[in-house]
Amino acid sequence: MITENTLNLLEFPKLLRIISTFSHSDASEKAVLDILPLSDREEMGKRLGRIAEIRRISHEGSPLKLSQFSDVAPLLHKIRPEGAVLESRELSAFMPFLAIVNDISSQMKEQEALPFLTELTGPLTGFPHIFALLNKSMDSEGNILDSASFALSELRGQVRRLEGRITKKLEEMTRDERISVFLQDNFITERSGRWVIPVRMDSKGQVPGVVHDVSRSGETAFIEPLAIISLSNELENLIAEQKAEEIRILRDICSKIRAVADEMDIQYGIIVYLDLLNCIARFADELTMENPEINEAGFVRLVNGRHPLLMLSFRKSDAAQEVVPLDVLLGVETTVMVITGSNAGGKTIAIKTIGLLQLMALSGMPVAADSSSSFPLVHDLLIDIGDEQSIENNLSTFSAHVSNISSILKKADAKSLVLIDELGTGTDPEEGAALACAVLKEVRNKGALLFATTHLTDIKGFVHRTEGMINASMEFDRQTLTPLYRLRVGEPGQSHALEIARRYGLPDSIIDSAKAMLGGIKVEFDNLIADLNAKRAQYENALREINELQAETGKKNRLLEQRLAETETRQKELLAKAYQEASDIIADTKRQMNALLEEIRKKGREKSREAIKQAEARREEVVRKLREYDVADRGAPLITEIKEGDVVFVRSFGYDASVMGVDAKHNRLRVRSGSMEIEVPVADIGFKRGKSAETKGGAVHIERTDETVSSRLNLVGMRVDEALSKLEPFLNHASLAGLSEVTIIHGFGTGILAKAVRQHLEGHPLVKRFRKGEQSEGGAGVTIVMIA
C-alpha cells in the first residue's frame, strides 16, 4: 500500500492538480484529484488503452465531444424520494450532461477500432426521450418554455393579452388630462404583482383606487386604479393557473427522471470517468508522453525519462532550458543502484523522476519517457527523501533518516521499490558509511529494487565489490565546474565539493588548506577517478565520431548509387528519344514515297512495292533499336517457343493478342485481338503485358501483308490523335494492296472525329477523293475514300 506521505514527497498531488485543470466539471476535477495507484495490472492496461484511443481520435481531428457540465449526482439523490420535485433551474442542469451522453454515444458508433472506449461507452443511451422533453420544456437558464405544454401556451397567451389590455388602459389614463395632473410621472409599473401608476402623495385621493406601495421619499403613492381592478383580479387567477401548470410539468419531468435515476447515475459516472481520461490524455499530449509497459519481472527500464513538473517549470521560465533525459535499467540480476556526484548535480531529481514516473505508470497514465520504458508491478513504494527533523518529536536529521529506513526495512520485499536520498549522512562518515552498506545489503537480500544517493566514498567501494549492486554517477564538467545532469551507469562519481566551493567564492587559501587536510591518498584517488572519466569521455567522443563518419559514408554511398541509377535511366531515355525521332523521320519519308505512288505505279508496281518494303524494313530496324532501351520491355519469346493459342504483346499496336498461326519459315505470326486480325513479324512481339484491345475503344482490322488487307477501318470511340495515328498506316497498306475504295467508320457523336478525319484526307497524296456514306453504307457515320 503506497502511503499518502510517499505521494506527497514525490509531488504526485501537485501533478494531479495540474491535470485537473483540463476538466469540464467539478465532479471530474475531484475525480482527477482522487487518482491513486492501481494494484491490478489489467486495470492499468485498460486505462492506458482508453487514454491512447482518446489521443488517437484527437490527433485524427475528432476529439471526444466533451463540454462543460454540472454535477448532477446530488440532484439525482434529491429526486429519488417519491413525489420530490426539482426546480426548473435544477432540471436544466441535466441538459448539458444528457447532450454529452448523446454526442459521445453517436461518436463511438461512427468510430472504428476503439475496443477500450467501445467497451466503456457501451451502456450510454443518452435517454433521448428525457433529453427531448427537457429541450422542449425549458431553456439552458432553467426558464420554462411555452412549448412545455399546450395548456401552458394557452394560459401564457391569455396572460399576455390581458396584460396588454391592462397596460393599454393605464396608458390611456396617464394621457387623460383629468388624471395626468395628479401623477408624479407618466409611466406605469408593477408593485406586489399588481399594475399601478405613480400618483403624487398630496393628490392620492383624487385618483380612485388601491394604494400598493409608497416611494422611499414619501412623495409618490403607487395606486391601482379601480378601473382595472377586475382585470387585475382576472390576471391574478390566470397567473395562478399558469403556476399550477408549470408545477405539473416539473412534477412530470421529475417522475420520468426518477424512473431511470439508477441507470442515469451509472451513465453520469461514465461521463465523469471519460472526462478524467480526457484530462490525462490532453496533459500527455502537452508533454508528448508515451504509454509505458507494466512488467511482473521486477525491473525498471527508463528510456529518455523526464520529470514532468520540471518540464513545466522550464517552459514557464524565460531561460531556454531543456530537461536532460534519464536512462536507467535496474532489476533481475542487479537490484541496487547507488548514485553519486556533485552537490546540485541532479541526484535527488533522478530518483524523484524514477519515483514519480513509477506512480504515474501504476496509475495507468502515460509517462514522460519513450514507449520502450517499463515499470515493475509493485505494491509498495518506500522512500526516504528530505530532511524530516522534528523538534516536537525530538528527532534530529540523522535520527529521522534512521527512523524512516527502519520502517522501510520492515516493509521491503520483492514487490517493493525503495528510494533513499543521501544515504549514510548526518553522522560520522565512517560509521554512516558502514551503516549504509549494511542497509544496502539487507535491501538486496529482501529482493527489493533500490535507488540510493550518497557522497560517501566507502559506499562506492562496497557497491563496486558486491554482487547485485552497481554504481552510477551524475556527470560533471571539470572545465566549467558545472553539473551536466546526465546519469552514467557503472562508474562512481565525485562530490567536487572543493571545486564548487571555489566557484562560489571561497578564498583559494582555504581551498588549498582543505586539500592539504584531505591527505595525498584521497587527492590521488579523486584525481585517478577524474582521469579515468576524462579518458572515457575521449573514447566515447572518438567512438561517436567514428559512428557519425560511418553513417555519413553510408549516406554518401547510397546517394552515389541513386545518382548512378538515375544517370543510367537518363542515358536510356536520351537514346530512346533519339531512336524515336529516327523512327518518325522514316515514317515521314515513307509517306513522301507513297505520294509518288501514282507516278511510280505507271512505271512498275513491283518496283514501288520493293522500295516501300525496304523503307518498312528500315523502320522495323529502328523500332528494334528503340526496344533495346525500353525499360518496361522484358524481351521477346523465340518463335520456337510460340504456339497457337498463346497470348503475346504486339508492340506496334500496344496491346496483347492471341496467336492464330505461326509462320516459322518467314518469322511471322498471325494474331487476333478483339475484332482485329493481323500478321506481324516476330520482332514486333513481346511477352504478355495484360493490355487487351478492348481498352482502346475501337478496333482496326488491317493486315501487314499484301494478301489480305481490310477495306474498312473502325475508329469509333477513339480520341482524334489516336484515330489519326491508325488512319495513316491504314491508307498506306490499302494503297500497297491496290485497293481502289475503302470505308472509314467514325460514327456520329459530336462530329469532331468525322471533321478531323476529313481534314486529314484533304490533299492527302494517296487519296483521290472522298465522300459521306450513302444511307445504305452507314450515312454520315462513315466516309468513303477513293484511293489514288
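Me: Which residue in β21 is the bridge partner of Leu713?
Reply: Happy to start there, keeping in mind that this is a predicted model. Strand β21 covers residues 741-745, and β20 pairs with β21 in the parallel sense over 3 bridges. Within β21, the bridge partner of Leu713 is Ile744.

Me: In what order do the strands of that open sheet run?
Reply: The sheet is built from 4 strands with mixed pairing. β20 (712-714) and β22 (767-772) each have a single partner strand, so they stand at the edges and one side of each lacks a neighbour in the sheet. From one strand to the next, the twist averages 20°. The order is β20-β21-β23-β22.

Me: Is Ile354 buried or exposed?
Reply: Let's place this residue before judging it: Ile354 sits in helix α15, which spans residues 347-362. Its relative accessible area is 1%. Buried means under 20%, so with that value Ile354 is buried.

Me: How far apart are the C-alpha atoms of Ile354 and Phe451?
Reply: Good pair to pick. Setting aside residues up to four places away in sequence, Ile354 touches Leu302, Leu326, Val328, Phe375 and Phe451. Ile354 and Phe451 are 97 residues apart along the chain, yet their C-alpha atoms are separated by 8.9 Å.

Me: Which helix gives the largest share of the largest nonpolar core?
Reply: In soluble globular proteins, nonpolar side chains tend to be buried together. Here the largest nonpolar core has 107 residues, and those with the most contacts inside it are Phe12, Leu91, Phe94, Met264, Ile271 and Phe451. The largest share of this core is 14 residues, and they come from helix α13 (residues 261-286).

Me: How many residues does the other core have, the one with Val336 and Leu382?
Reply: This core lies apart from the largest nonpolar core. Val336, Leu382, Leu456 and Val463 are among its members. Its size is 23 residues.

Me: What does Phe12 contact, leaving aside neighbours within four places in sequence?
Reply: Phe12 is among the residues with the most contacts inside the largest nonpolar core. Leaving those sequence neighbours aside, its contacts are Leu7, Ile35, Leu356, Leu359, Met360, Ser363 and Met365.

Me: How many disulfides are there?
Reply: Cys279 has 0% relative accessibility and so counts as buried. Cys437, at 11%, counts as buried too. A disulfide needs a pair of cysteine sulfur atoms within 2.5 Å. By this rule, the count of disulfides is 0.

Terms used
Residues numbered from 1 in each chain as written. Predicted model: local features only at pLDDT ≥ 70, side-chain atom pairs only at ≥ 80, totals over all residues. Heavy atoms only, no water. Pairing = 2+ DSSP bridges. Helix = DSSP H or I, 4+ residues; strand = E, 2+ residues; numbered from the N terminus. Axes fitted to C-alpha atoms, helices over the stretch in contact; angles between N-to-C directions. Buried < 20%, exposed > 50% of the residue type's maximum accessible area, 1.4 Å probe, protein only. Core = buried A, V, L, I, M, F, W, Y, C linked by side-chain atoms within 4.5 Å. Contact = heavy atoms within 4.5 Å.
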